[in-house]
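Please open the structure in your viewer and keep the sequence at hand. The tour proceeds from the whole chain to selected residues.

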Amino acid sequence: MAAPTGQRPTSLPGRSASVNGAAVSVDRADWRDARYQAFTLLRIAFTVAPIAFGLDKFFNVMVDWPIYLAPWINDIAPGSAQDFMYFVGATEILAGVIVALKPRYGAYIVAGWLAGIVLNLLTHSGYYDIALRDFGLMLAALTLARLASVYDPPLRLGRH
């Protein structure tokens, strides 16, 4: 959020302030800081969970995943519902790896993916409770993204 006209932007310890909200530097990792602890817990969760659930899409050990696919998606997706779950699994594994490597960007990918899952579940009668749970997970992924803007520096491409 931009600072109102006439007011100076405030800064956090270890950061330089900016009117547009973009920080010049990133806070240092401090295990005593509750914000950093929250960032780390969410980063671990959104690395491990997508990879674990993505792998399970190939084996259906925890649940028979194709039953969660809305019929309208199954009708437009090529192949069977299980074939689509292979794509879903690979996407989830990739999203978890991106969160592990660069949570600043990976968290938004996971949040977007969860939004798609929520849409799927809301259009598939009988899974509204799971849609609500995944909506909460989407909010947690967005929280990780906001925390990553403090603790994970942006990519600097093309810098020598």
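Begin with the whole protein in a cartoon display: it has five helices and zero strands, where helices (H or I, at least four residues) and strands (E, at least two) are DSSP runs numbered from the N terminus. Followed from the N terminus, the elements run α-α-α-α-α. This is a predicted model, in which local features need pLDDT of at least 70 and side-chain atom pairs count only at pLDDT 80 or more, while totals for chains, interfaces and linings use all residues. Residues are numbered from 1 along each chain as its sequence is written, and side-chain values use heavy atoms, with hydrogens and water left out.

Next, switch on the surface. The accessible surface of the protein is about 10000 Å², and 67% of this belongs to carbon and sulfur atoms; such areas come from the Shrake-Rupley method with a 1.4 Å probe, and for residues only the protein chains shown count as cover. Of the 160 residues, 33% are buried (buried means under 20% relative accessible area, exposed over 50%, partly exposed in between; 1.4 Å probe, protein chains only).

Now select Gln82, which lies in helix α3 (residues 81-101). Is Gln82 buried or exposed? Gln82 counts as buried because its relative accessibility is 17%. Beyond its neighbours within four places in sequence, Gln82 is in contact with Lys57, Asn60 and Pro66, contact meaning heavy atoms within 4.5 Å. Add Asn60 to the selection: its side chain makes a polar contact with the side chain of Gln82 at 2.8 Å. A polar contact is a pair of N or O atoms within 3.5 Å; within protein, one must be able to donate a hydrogen and the other to accept it, and residues adjacent in sequence count only if both atoms are side-chain atoms.

Turn then to the charged side chains. How many salt bridges does a search of the whole structure find? The search finds five, a salt bridge being a side-chain nitrogen of Lys or Arg within 4 Å of a carboxyl oxygen of Asp or Glu.

Select Lys57 and Glu92, which form one with their closest N and O atoms 2.9 Å apart. This pair links distant parts of the chain, with Lys57 in helix α1 (residues 34-59) and Glu92 in helix α3, 35 residues apart. Both Lys57 and Glu92 are buried.

Move on to Arg32 and Asp30, whose salt bridge has its closest N and O atoms 3.2 Å apart. Arg32 counts as exposed because its relative accessibility is 74%, whereas Asp30, at 28%, counts as partly exposed.
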